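Reader: Please show the model, then take me through its architecture by question and answer. Give the cut-offs as the terms come up.

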Amino acid sequence: MRPSVRVRIGLTLLVLSLYPLSLAARPFVLVLSQDDLKDVPTTPADSDDLSSSDSQPEWDEFGDSDSKPDHQLDPGSWRPIFEPDSSAAAANPVDGEMAGYYEVVGKMLSAVTIGEIRLMEEAAAEIEAVAAEKGNPHAQSLLGFLFGMGQMRDMSKSKAFLYHHFAAQGGSLQSKMTLAYTYSRQDMYDKAVKLYAELAEVAVNSFLISKDSPVIEPVRIHNGAEENKDALRKFKGEDDEDFQILEYQAQKGNAAAMYKIGLFYYFGLRGLRRDYVKALSWFSRAVEKGEPRSMELLGEIYARGAGVERNYTKALKWLTLASRQQLFSAYNGMGYLYVKGYGVEKKNYTKAKEYFEKAAENDEPGGHYNLGVMFLKGIGVKRDIRLACQYFIVAANAGQPKAFYQLAKMFHTGVGLKKNLPMATALYKLVAERGPWSSLSRWAIESYLKGDVGKAFLLYSRMAEMGYEIAQSNAAWILDKYGERSMCVGESGFCGDAERHQRAHALWWQASEQGNEHAALLIGDAYYYGRGTERDYERAAEAYMHAKSQSNAQAMFNLGYMHEHGQGLPLDLHLAKRYYDQALEVDSTAKLPVTLALTSLWVRKNYGDSFMVDMIDSLPEVYPKVEAWVENVIMEEGNATILTLFVCLLTVLYLRERQRRNVGAAGEVAIVPQQPNEQDIIPLAN
């Protein structure tokens, strides 16, 4: 089954959005044109480039899909510290040099929790000793992080880069993430793309066979200036009320609830720790009631050997049963087994292609992706790079991360698509951020929910250095919100207000570069008001323009105000009105401030030399003073109580006076003599 070129591709602009991967500020949007679709031969013999690509084993996406623990996929992972009771940690105990590394990391995290600076500095010194004397790459990576963020060490980007460089050479994938992000920020795409390609391949190897893998997404702990309570509530694990209701329903025999609980435990979602034993138990109970999604995941579990002994025969059995229940994604797993010849008599590419086509015909993204791989490699079909590219585009349009991985390779190598290193870097990064190092996000949110803000800040800072936009904004928000509780520690103790503002400013800036409109707005405010940096109206206007480009109403309003007053932008009342109107078009709740701003604009335009303009211009200076007076005088506890009693007394006196007047008015009406009718008047005698 071939996708329609007219419908699917159109040879015009194609807009692909990766919504499952984009809990960042904005979805990633890829725009392709006819120029991007490179004219390539359909057989490898016709092209030296294609022949050279054949020699690259990473192009074969039908490799064995193993369920490896994080300590193998991500050497130096902190899982033994945060999840010491997990089955993976029990099956793979650490010893020797790594045991010493984990001991000192645990000491540092404990010191951060209790807020003991002396212990934190001792731990940092021990980490430096392990990194320098023993050459431990993971200790070098951690030391690079401390220098890069200025935590317990004097901030030094050069030292941070040096330590990360040595750590990456020693096999630290987290340092490779950091270096790749650093290179990409400096537009050094030739270096960034190589690192991100390696990291994305590690991430892809941990994905499921038949469908898109759920992923532990970083949670944005704030919603603007306020805490994001709705999102945080969903990550309380077994303490979450919704989870307890779901578990009760499962215990009562609800098959759908059994599947969901099994899914949460299998992938470690909703604040739960990954537990293959519990997942297998819940899936097994669900399939007894005929739940098809649990059948498919049982097939995945047996094919991957996740928590059980690998058994391809059982995998084929459960995938077949799921497909008979109209679960079309299961056809992908069945096709995979026939491609590899696992659990069947022999390899059968024809049958595999039939199963992939069944999945694709029912709009299953994995089917399009798998067909793309077959045509890319010429597995059982005549090789057709252009057709493979079209399949990948359709799959990516549905949010299939492996398809983005293949498109990234095409942009990287110039096979099927014109070589485009910036695009390849961006796509690789999206996939790489789903790698096993994303577990840092789960541990950060767990720490935050337990009130351990310092540890949460440290973990989010670690992810921020690796380029996670949400972690950058979370770390910045913690600095702004919690002050000293954030455990921001420089070389000589706790960070002061100015230093925290500077660090938050740097984090917000990085987040704004990746499309976070709220971060760009805060950067503009920082430059406008001089918070954590020198006041600079022109740079504030640049930041507001960046936020405005993402349809932020507040930024539009601010730009209008700056045009109205000639601050950082030319004095232009017409442009000011245009920005005010745009703010109202984007956000209808801005009607009141926009109306007031337009009124001010009308007064300024028609009565420019009057005292009214001077009065309007003085409001920004008067308002903070009034606000400070209310906060420091009125809202002080003793004064607030006295003011409340005074207001109550005035209210009582007012009501008493009103009652007295009403009574008095009623008395006056009562003594008014009744006027006689003309008929009752007796004429006087002459």
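Author: Contact here means heavy atoms within 4.5 Å. This is a predicted model, in which local features need pLDDT of at least 70 and side-chain atom pairs count only at pLDDT 80 or more, while totals for chains, interfaces and linings use all residues. Residues are numbered from 1 along each chain as its sequence is written, and side-chain values use heavy atoms, with hydrogens and water left out.

Reader: Among contacts in the protein chain between residues at least 6 apart in sequence, what percentage join residues at least 24 apart?

Author: The protein chain holds 34 helices and six strands; these are DSSP runs numbered from the N terminus, helices being H or I with at least four residues and strands E with at least two. For contacts between residues at least 6 apart in sequence, the share joining residues at least 24 apart is 59%.

Reader: What percentage of the 686 residues of the protein chain count as buried?

Author: Buried means under 20% relative accessible area, exposed over 50%, and partly exposed in between, with a 1.4 Å probe and protein chains only. By that cut-off, the buried part of the 686 residues is 49%.

Reader: Which helix gives the largest share of the largest nonpolar core?

Author: A nonpolar core is a set of buried Ala, Val, Leu, Ile, Met, Phe, Trp, Tyr and Cys residues joined through side-chain atoms within 4.5 Å. The largest one has 175 residues, and Trp78, Tyr196 and Tyr428 are among those with the most contacts inside it. Its largest share, 10 residues, comes from residues 189-204, helix α11.

Reader: How many residues does the second, separate core have?

Author: This core is separate from the largest one, and Met556, Ala576, Ala590 and Ala597 are among its members. Its residue count is 10.

Reader: Is Lys402 buried or exposed?

Author: Lys402 belongs to helix α22, residues 401-413. Its C-alpha atom is 9.4 Å from that of Ala200, although 202 residues separate the two along the chain. Because its relative accessible area is 13%, Lys402 is buried.

Reader: Which cysteines form a disulfide?

Author: A disulfide is a pair of cysteine sulfur atoms within 2.5 Å, and the count by this rule is one. The link is left-handed, with -70 degrees about the S-S bond. At 2% relative accessibility Cys488 is buried, and Cys495 is buried at 2% too. The sulfur atoms lie 2.3 Å apart in the pair Cys488 and Cys495.

Reader: Is α7 parallel or oblique to α8?

Author: Helix α7 (residues 117-133) packs against helix α8 (residues 137-149) at about 135 degrees, with axes 8 Å apart. Axes are lines fitted to C-alpha atoms, for helices over the stretch in contact, and angles run from 0 to 180 degrees between N-to-C directions. Angles under 35 degrees count as roughly parallel, over 145 as roughly antiparallel, 65 to 115 as roughly perpendicular and the rest as oblique. The angle therefore makes α7, relative to α8, oblique.

Reader: Which residues of α7 and α8 does Met152 touch?

Author: Met152 sits in the loop between α8 and α9 (157-169), and it is buried at a relative accessible area of 2%. Leaving out residues up to four places away in sequence, Met152 also touches Met108, Val489 and Gly490. Its partners in the two helices are Met120, Glu121, Ala124 and Leu146.
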